[in-house]
Amino acid sequence: MKRREFLLGTGAFAAPFLMNGCCNCFKANEKINVGVVGIGRISTTMDIPRTIKFTDQCRFTAVCDLDSKRLNHGVKFIKDQYRKLTGEANAPVRAYADYRDMMADPSIDAVMICIPDHWHALVAVEAMLAGKHIWLQKPFAQTVREGRLIAEIARRTNRVVQVGSWQRSVMQFARVCELVQNGRIGEIKQVEVGIGLDKSGGCSTPEPIPENLDYDMWLGPTDEKAPYNWTRVHQQDLTKIGNRPGWIQMAPYGWGMITNWGAHHLDIAQWGLDKDDSGPESVSGTCEWMDLSGGKLWNVHTKYDLHYSYNGGKTDVHVCDKFPMGVKFIGEKGEWLYCMRGQAKVTPSDPDVPSNGKMKPLMASKNKLLEPIVNPAKKVRTSEDHWLDWLEGIKLGDPSYTVTNAEGAQRSSSACCLGQMCMELSRGKKDGASLKWCPKKEDTCCEKARAMMKPFARGQYDLNKTLARFGVTDLKA
Ligand SMILES: NC(=O)c1ccc[n+]([C@@H]2O[C@H](COP(=O)([O-])OP(=O)(O)OC[C@H]3O[C@@H](n4cnc5c(N)ncnc54)[C@H](O)[C@@H]3O)[C@@H](O)[C@H]2O)c1
């Protein structure tokens, strides 16, 4: 089957077709046509610039946003990029207000999904069922069941998925995970994870909804009655499009640092512990919540202290606001390896080691622990460029190629969601809460937690309705 035939088949997809989704159809010199959903902080400051520059691999042809001001900005942004990159005066860019119309465009091969977390599952599932490969910003999903559905649709449609947990494509994280997986510091007793702190803020006073914003659609599968204030959504001043949006610290659109930075650093903990097909067996702990006094709006957790138990209780992953940003693996004899963002020196003759007590991007308790392993028994999949990795995976037609593919991403995302669920269960409890988890079944017997695992749905914004539109009858969200 030719790629175009696959893509032209809109409407009802029969299950056998899904199982055989055509993937390996790109010629070496053929360009991938890319569309972007969400013209906000991350797409304009990171995802578009870091992908569009591979002009021999891809062509950005369409943008989508439910805020028309940002949609128009997106068209101009892509045209400006091509003016700089290729000298084209007026590169063609199509604009869509509704992502479903963009997905029905058969000329688009792949989409970058750069929208708030409560929207990830609906757009990702729609895109893959319409035949598109996806770049999906982290966290993979907002709930455990949403994530499992995205991963299952990725498997059935054979689409290439790359998730925005880009630290896996940065050398110091890959180096530490490979060393840990190969036993450089023996059995791992503890992993210390620091994911930063959010501050209270926002404003709960209702404001008129800007004409350019489809606010009901922005709320999507969440409560339609939430009053509008720009601090719940995003900046209306385009010169501030690169600022942190309000929703990122506002449940149920984001869960705060546990999923925000957790999708980076807990992802590295999962990788180092070689748990891309598994996860923790329990989570326990507590947190503090944002101060809502004086009409403040944001409501996610602030301080946090969580223990994740792995390997039958032999490994404790301790996520605490007292730790510096990053991931520290501690072995059975107290030796440790640490990684975080930044420029790291990693030649064996010149490793970064603690000298003045200050944390550096790549560190260890002893110099020689950082030396790379020649022919390691376990080779971690590495990539030098997260965005190029995605394009290469699509060209190869190989969903297992990308360093953050769907299954591993679902497992990391579940670990983040479990932390959020545990914190939610700990509300009002002096000693915190404890939650048992079966990674094999991706389930718990705690009914309150099970309720939190469900996908969000409201009216037309319902994953089951998306599945039904594409004729998928044997799956339920
Ligand atoms: N990988 C990273 O390092 C990193 C860092 C920060 C944020 N993120 C993630 O990137 C994503 C985007 O974050 P952001 O800060 O750019 O948010 P943002 O609010 O600045 O931008 C999101 C844009 O998406 C649009 N949008 C929302 N729902 C839509 C829909 N259904 N259809 C079309 N457009 C829609 C909004 O109008 C907005 O313009 C989030 O998932 C966030 O968690 C990733």
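The exercises below, each with a worked solution, deal with two parts of a predicted model. Local features in this model need pLDDT of at least 70, side-chain atom pairs count only at pLDDT 80 or more, and totals for chains, interfaces and linings use all residues. Residues are numbered from 1 along each chain as its sequence is written.

**Exercise 1.** Determine how strand S7 is paired and why it is largely enclosed.

*Solution.* Begin with the element itself: strands are DSSP runs of E with at least two residues, helices are runs of H or I with at least four, and both are numbered from the N terminus. Strand S7 covers residues 188–194. Next, look for its partners, where two strands pair if DSSP finds at least two bridges between them. Six bridges join S7 to the antiparallel strand S11 (residues 326–331), and here Glu192 has Lys328 as its bridge partner. Four bridges join S7 to strand S10 (residues 315–320), which runs parallel to it, and Gln190 is partnered there by Asp316. Finally, consider burial: a residue is buried if 20 or more other C-beta atoms, placed from the backbone, lie within 10 Å of its own. Five of the seven residues of S7 are buried, so the strand is largely enclosed by the rest of the structure.

**Exercise 2.** Work out how many residues of helix H6 are buried and what covers them.

*Solution.* Helix H6 spans residues 120–129, and 10 of its 10 residues are buried; among them are His120 and Glu126. The elements that cover these buried residues include strand S1 (32–37), helix H7 (144–157) and helix H15 (463–469). Just after H6, Gly131 takes a positive phi of about 95 degrees.

How values were computed: A residue is buried if 20 or more other C-beta atoms lie within 10 Å of its own, exposed if 12 or fewer, and partly exposed in between; C-beta atoms are placed from the backbone. Two residues are in contact if their C-beta atoms, placed from the backbone, lie within 7 Å.
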